[in-house]
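Me: I would like to go through this structure by question and answer. Please keep the replies short.

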Amino acid sequence: MNYLAFYGLRGGTGTTSIVAALGYALHRQGQRVLLADLGGEGMLGLHLNCPVASLGVEEGWQYWEAAPGLDVLAFSSRQTDVCLNGDTESRQDFLQLITGKYDVLLFDLAGVGQADSLGSLLPCLHRFVVTPVDAAAHVRLHTEHGRDPLLLNRFLPESRLQNDLRTLWLHDPRLKVLPVVLHHDEAWNEALAHKQPVGLIRANSLAAREMDSLAIWCMALAER
Amino acid sequence: MAALPGVTLMNVNNGKSRVVTDVEHLLQEINLQKLDYQDIVAEEKLAGLRSAWPLLEELARAAQLAVSEGGNQ
């Protein structure tokens with residue numbers, strides 16, 4: 001079982017879109033995938049054609065089958081807290097719910113606190129921070145230490161600042177930067193507007209190809 | 001003892017150079033407790049990048065200060 005968790009360095013980094021698109025890309029590679037939305041907003045399901053009424057799970061959790069072998073679980077904020085930080089029985093129930101019939105578990109997390117809690121439940125969890133390449137992210141990376149590997153998102157190769165920041169981050173011994181970089185692509189916006197993962201609705205886009213690369217990299221990670 | 005055409009070694013700690021012409025002396029010279037390697041070209045390039053952006057330069061100075069203060073404690 002491959003456990004992968006993504007959270008944003010701050011809000012609005014595109015983490016949920018990436019988790020949905022990565023789940024779809026892994027599913028296309030023949031993996032049985034469960035997407036777990038622990039953010040409490042229920043946005044993840046929207047990327048996989050779940051009804052708008054599913055937004056903001058108020059109590060407990062909701063489950064959808066987006067396709068055979070591609071499922072979505074969305075937890076309310078309170079339920080997430082119980083599952084991650086509750087008593088032993090609650091945490092065991094959570095583990096039983098999410099494990100079993102899948103090859104890959106993909107978590108969309110609200111922040112590093114959830115990643116820490118989930119990491120204590122699943123020691124083999126691979127954690128990644130999604131970040132845009134901008135000055136605000138640089139300040140955060142400067143002030144906060146002990147970060148998980150960075151997944152750079154919305155990268156603009158023509159931007160001098162973004163190129164400079166990326167170079168500095170690659171040379172910073174405190175930081176780990178994933179080899180796959182996700183470039184800015186309007187296909188991401190269009191995918192959510194269509195309520196579909198980017199690989200399905202814009203299969204030939206740069207975004208879709210980069211998600212295929214990330215999926216293969218994640219599968220290789222599990223092999224290691 | 002094999003003769004070398006002459007290798008100039010520089011001590012990075014005091015900047016002094018000396019020419020070594022045989023293998024035994026060369027091995028003695030490089031048998032240091034700690035070999036220090038500094039990629040000066042890369043450091044200059046990164047400093048150049050930072051200097052174009054005041055915020056990045058200020059953050060780098062702050063980080064350097066924190067390191068030196070930490071080292072003094």
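**Interface and sheet**

Me: How many salt bridges does the rule find across the interface of chain A and chain B?
Reply: This is a predicted model. A salt bridge would need a side-chain nitrogen of Lys or Arg within 4 Å of a carboxyl oxygen of Asp or Glu. Across the interface of chain A and chain B, the number found by that rule is 0.

Me: How many residue pairs are in polar contact across the interface of chain A and chain B?
Reply: A pair is counted here with both residues at pLDDT 80 or more. On that basis, the rule gives for the interface of chain A and chain B a count of 1.

Me: Which element gives the most to the side of chain A that touches chain B?
Reply: Two elements of chain A give two or more residues to that side, α6 (135-143) and α7 (160-171). By class, the side has 5 nonpolar, 4 polar and 2 charged residues. The element that gives the most, with 7 residues, is α7(A).

Me: What is the area buried between chain A and chain B, and what share of it do carbon and sulfur atoms give?
Reply: In this interface, 11 residues of chain A are in contact with 11 residues of chain B. The area buried between the two chains is about 1,000 Å², and the share given by carbon and sulfur atoms is 82%.

Me: Which three residues supply 43% of the area that chain A buries against chain B?
Reply: No other three residues of chain A supply as much of that area. The three are His142(A), Asp164(A) and Leu168(A).

Me: Which strands of chain A stand at the edges of the sheet?
Reply: In chain A, 7 strands form an open sheet with mixed pairing, in the order β3-β4-β2-β5-β1-β6-β7. Each edge strand has a single partner strand, so one side of it is left without a neighbour in the sheet. The edge strands are β3 (61-67) and β7 (150-153).

Me: Which residue in β4(A) does Asp37(A) stand opposite?
Reply: Strands β2 (residues 33-37) and β4 (residues 70-75) of chain A run parallel and are joined by 5 bridges. Opposite Asp37(A), in β4(A), stands Ala74(A).

Me: Which residues does Ser17(B) touch, not counting residues up to four places away in sequence?
Reply: Ser17(B) lies in strand β2 (residues 17-22) of chain B. With residues up to four places away in sequence left out, Ser17(B) touches Thr8(B), Leu9(B) and Met10(B).

Technical notes: Residues numbered from 1 in each chain as written. Chains lettered and ligands numbered in written order. Predicted model: local features only at pLDDT ≥ 70, side-chain atom pairs only at ≥ 80, totals over all residues. Heavy atoms only, no water. Contact = heavy atoms within 4.5 Å. Buried area = accessible area lost by both parts, 1.4 Å probe. Polar contact = N/O pair within 3.5 Å; in protein donor to acceptor, adjacent residues only side chain to side chain. Helix = DSSP H or I, 4+ residues; strand = E, 2+ residues; numbered from the N terminus. Nonpolar A, V, L, I, M, F, W, Y, C, P; charged D, E, K, R; others polar. Pairing = 2+ DSSP bridges.
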